[in-house]
Structures are given as structure tokens and as C-alpha cells.
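This briefing covers a sheet, the helices packed on it and a ligand site. The sequence and structure come first.

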Amino acid sequence: MPEQIKLYYKNVTADVIGAEHGISDDQLKELAQKTTPIINLVNQERKDGKTPYRDLPYNDQTLEKVKAAARLCKDCENFVVLGIGGSALGNISMQTALNPYMYNIDQAQRKGPRLFVFDNVDPAQLSSFLDWISDKLDKTIINVISKSGRTAETASQFLILRELLLEKLGPEGFKNQVIATTDPAQGTLRTIANEANLTSLEVPDGVGGRFSVLSAVGLLSAAVCGIDIDDLLAGARDMDKTVSETDFFKNPAAINAAINWHYYNNGKRGSVMMPYCYALKDLSDWYRQLWAESLGKSKDLQGNIVNVGPTPIKALGTTDQHSQVQLYREGPNDKIYTFLQVNDFGKKLPIGSAPESAPELGYLSGQDLSKLLNAEKLATEYAMLKDERPCLTVHFDKVTPYAIGQFIYMFEVTTSIAGALFNINTYDQPAVELGKEATFALMGREGFEQMAQQIEPFTKLDDKFLI
Ligand code: PA5
């Protein structure tokens, strides 16, 4: 059986960081009492079909369709994802986690095409890319991903690429080089895909963007780039058993959610995720969206105004030791820290010998670089604990597709349990929707004239305040 990722939570207890900031045995028992019915509720919601993301790792039909689409890409040299938010962050994080750092640059290090993910609409960035790719379009697959099909960023990128493809390769080329991932039945992108007879994949009904990484949204780019998606899904299925466990003390998602909820209610409103592993750095970005969009809500389930939600913060060890840790240790004790630690990096890299003129560096010589990285994690954690800062650690034996599948599933279910503890709707994002509609209004879309009028006063700068 492959190694499990594990959550270590001793370093949030009062025994370690003291009674003022640590969780006592009694408080932990209270958290267990409060959370146990919520585990049951979340399990029941899953049975009632209210959280279809829970079943994604079991969807063999999607898996087969994704593999078939991936086979269509076997000769391409470049794979371009157009998407944003939940339609991009999972793709980016799996690529960073599971493929080598020089994947795009060094052909010898990759098992698939180069991968580019565009999750912004910066004209300088995209123009630079277009200058490079425009004579390689016949060897390029564009995967446009939008569940709603109406997101302005993705739509505009797609329209630019579509025009370029039609100009360079004609309608047949456009059809051959584009794969659309969108709603199975409705939306603008579905209409375009049907009309142009594009290869298409589905974002299942009821699965929100930030919970969709284990659907065709995240699986296709992963499979095309040589990531073992069978193992990824097996890891998620394995974690499903653990996070469905009704015994609070055996369920890492429940403990994680309860600890985070406890600290939020006790003035620690920031939640820092700090991997000590470059490959895991973009998972913090994925987590940031999952946590922020799911838990940041103005109303509770009864409609009361609560304006609740912990602020997820990403950091990277050791890089941010030299940027953030001063604040984390000596600034306000208003955050909880989740480190990600890896035992085996899959590579040994001994540090070279010190020159005679610098014998003070001799202590490093011959030691493995991973030992230094993990020593720095422990040293930072030790220093934080001295300052009574609560620290969790997710331990990875190795960064494998199986472990990443476990991690993704564990944090998704943690989010569901946390959302239920906060008594909010975890799965909507009304505030994001308003911004999308305001963009339509500013860009002159029909039907949004009234909103355009409301925004009008904000579109002009008041010189009095411009210095
Ligand atoms: O989690 C979410 O629902 C959002 O972040 C969406 O993924 C994001 O806004 C992109 O939406 P769409 O896939 O509809 O283009």
C-alpha cells in the first residue's frame, strides 16, 4: 500500500505552545463534540448527491474520455490551457508538483508536450506568447476550460486564439487543435464546441470550479503531460475512506477544519500554508482559492450577516523565511501555520566541499540538500513554537500522484467540514459573480446597461485625490 500523507497537530496544543494560544485537552474534546455531527452531516450531504465533487475519483467514464482526449494530443509539442480560478489553479499545481522544474525547457526531462496555462488577460504576456507560438500552431493543442462558458478572461483569450487558428490553419485546423472543457449541456462554450464540432469534455453538474481539479478540468492537462492520473485518483479514493471516518480523532479533514475554525473564533484570522518543497508551492495557490471562495461569506445559512472567513496566505520555505518569518514570529499572533514537509525528494544532492579559505562553511559539506531544507523547516517551526504560534504539518513521504490525490481530497473535504462549522454555504461565490457581471457592463455587453450606469461614477478619477 502506498504511503499515506499525514496531518500532525501536536504543535497546536497547549502542552506545546502554552494555555493562551494552545488548544487544551478539554477544548479538543469540545471540538470533537461539535465536529462529529458535522462529519455525519457532510457524509449525508454526499449521499444525498449535494456534493458531487466527492464522487469524481470514481468516475470511470470521465477517466476513459480524458484518456481518449489525451491520446489525440500525443503528437503535439505544446499544450495550452486557457482558464481562470478553478479552471486553472489545479492544472498549474499538479504540473508543478508532479513534473520536473525544467519540464518546459528540457525535452529530456519531459514525457509530454510543453504546458502553458494562461489565467490572466495581460496583453504583454499573451502577445509575447503568441509571437512565439504562432508558427507552431499545428503542433499545439488549446484546451479552453470554462464551466460557465461566459467568463470574460477565458472567453477573450479563446477568441484571440480562435482567430489566430482560423487565420493560420483554417476551420479544419481550428477544429483539430482545440479541446473545450465545459458544462455538459449549456453555456456559450458548449454552443461553440457543438457548432464547430470540437472535441469536448465535461465539467460535471454541481461541481464548482474550485472543487473540479479531479474532473476533466484538471485531469486532461495532467494526463497529456505524463502524470499518472490513475494513481492520482487512487490516492483521492484512499483519502475518501479516511475523511469519511466518523471518529473525529481518526479523521484528518475533521481535525484540520476544527482546529482552523477554533483559531478563527479565537482571533487567528489568517491561515498560512507554507510548503518546504518547491514542487508543492502552487498547491498553496490552489488551497488559497478553495479556502477563500468557499469560506469567505457575508451571510450564514439562516441569512444573518456574519462576514466570516479566514484569510488564506501562501508562503514558501525556505524562501519566505527571509521575507515573512520576522512578521510571523514577532508580529501579531493572529495566524495559524500549516507546513508541508517531504521526507524523500527522490533526488540526492550532496553539498560540495568548502574552499580552504572558507572553513566556516565546512559544516555543510557532504550533507544532502534535502537535509538542509528539512532542518530549516524544523528550525523555523521550533522558533515559531517558542513564540506560541500554532503550527500544523502535512507530512508527505514522497511527492507522487497518489499523495497529491490524497492531499487534494483531504483539503476539499476539510473545506466542506469547515464550511459547515462556519454555518455558511461553502459552494457558492456570489461576490465573484458580481465582479464578472460588472466586467460585462464595463465592456458594453448587452443586458448590463443598468449596471454600467451604476458603475459610471467609479470609472472617473477625481483629480482632487490624485497626487
Ligand atoms: O471556483 C469557481 O467557481 C471560480 O473560481 C471559477 O472556477 C472561475 O471563476 C472560472 O469560472 P469558469 O470556469 O466558469 O470560467
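In this predicted model, Val80 has Phe116 of strand β3 as its bridge partner. Strands β2 and β3 are paired through five bridges, in the parallel sense. Both belong to an open sheet of five strands, ordered β3-β2-β4-β5-β6.

**Sheet**

- The pairing in the five-stranded sheet is parallel.
- Strands β3 (114-118) and β6 (199-202) form the edges, each with pairing on one side only.
- From one strand to the next, the twist averages 20°.
- Four bridges join β5 (residues 178-182) to β6, again in the parallel sense.
- Among the residues of β5, Thr182 has Glu202 of β6 as its bridge partner.

**Helices on the sheet**

- Helix α3 (residues 60-72) packs on the sheet and touches β5 and β6.
- The direction of α3 makes about 150° with that of β6.
- Helix α8 (residues 216-224) also packs on the sheet, where it touches β2 (78-82), β3, β4 (140-146), β5 and β6.
- Relative to the direction of β2, that of α8 makes an angle of about 165°.

**Burial of strand β2**

- Strand β2 is largely enclosed by the rest of the structure, because five of its five residues are buried; buried here means under 20% relative accessible area.
- Cover is present on both faces of β2.
- One side carries the buried residues Asn78, Val80 and Leu82.
- The other side carries Phe79 and Val81, which are buried as well.
- Val80 thus combines a buried position in β2 with the bridge to Phe116 in β3.

**Ligand site**

- The ligand is surrounded by 14 residues.
- The closest of these are Ser87, Ser146, Ser148, Thr151 and Gln289.
- Ser146 falls within the residue range of strand β4 (140-146).
- Gln289 places an N or O atom of its side chain 2.5 Å from an oxygen atom of the ligand.
- Two further contacts involve the backbone: a polar backbone atom of Lys147 is 2.8 Å from a ligand oxygen atom, and a backbone N or O atom of Gly86 lies 2.9 Å from a ligand oxygen atom.
- On its own the ligand has 380 Å² of accessible area, and the protein covers 93% of that.

Terms used
Residues are numbered from 1 along each chain as its sequence is written. This is a predicted model: local features need pLDDT of at least 70, side-chain atom pairs count only at pLDDT 80 or more; totals for chains, interfaces and linings use all residues. Side-chain values use heavy atoms; hydrogens and water are left out. Two strands pair if DSSP finds at least two bridges between them. Helices (H or I, at least four residues) and strands (E, at least two) are DSSP runs, numbered from the N terminus. Axes are lines fitted to C-alpha atoms, for helices over the stretch in contact, and angles run from 0 to 180 degrees between N-to-C directions. Contact means heavy atoms within 4.5 Å. A residue is near a molecule or strand if one of its heavy atoms lies within 4 Å of it. A polar contact is a pair of N or O atoms within 3.5 Å; within protein, one must be able to donate a hydrogen and the other to accept it, and residues adjacent in sequence count only if both atoms are side-chain atoms. Accessible areas come from the Shrake-Rupley method with a 1.4 Å probe; for residues, only the protein chains shown count as cover. Buried means under 20% relative accessible area, exposed over 50%, partly exposed in between (1.4 Å probe, protein chains only).
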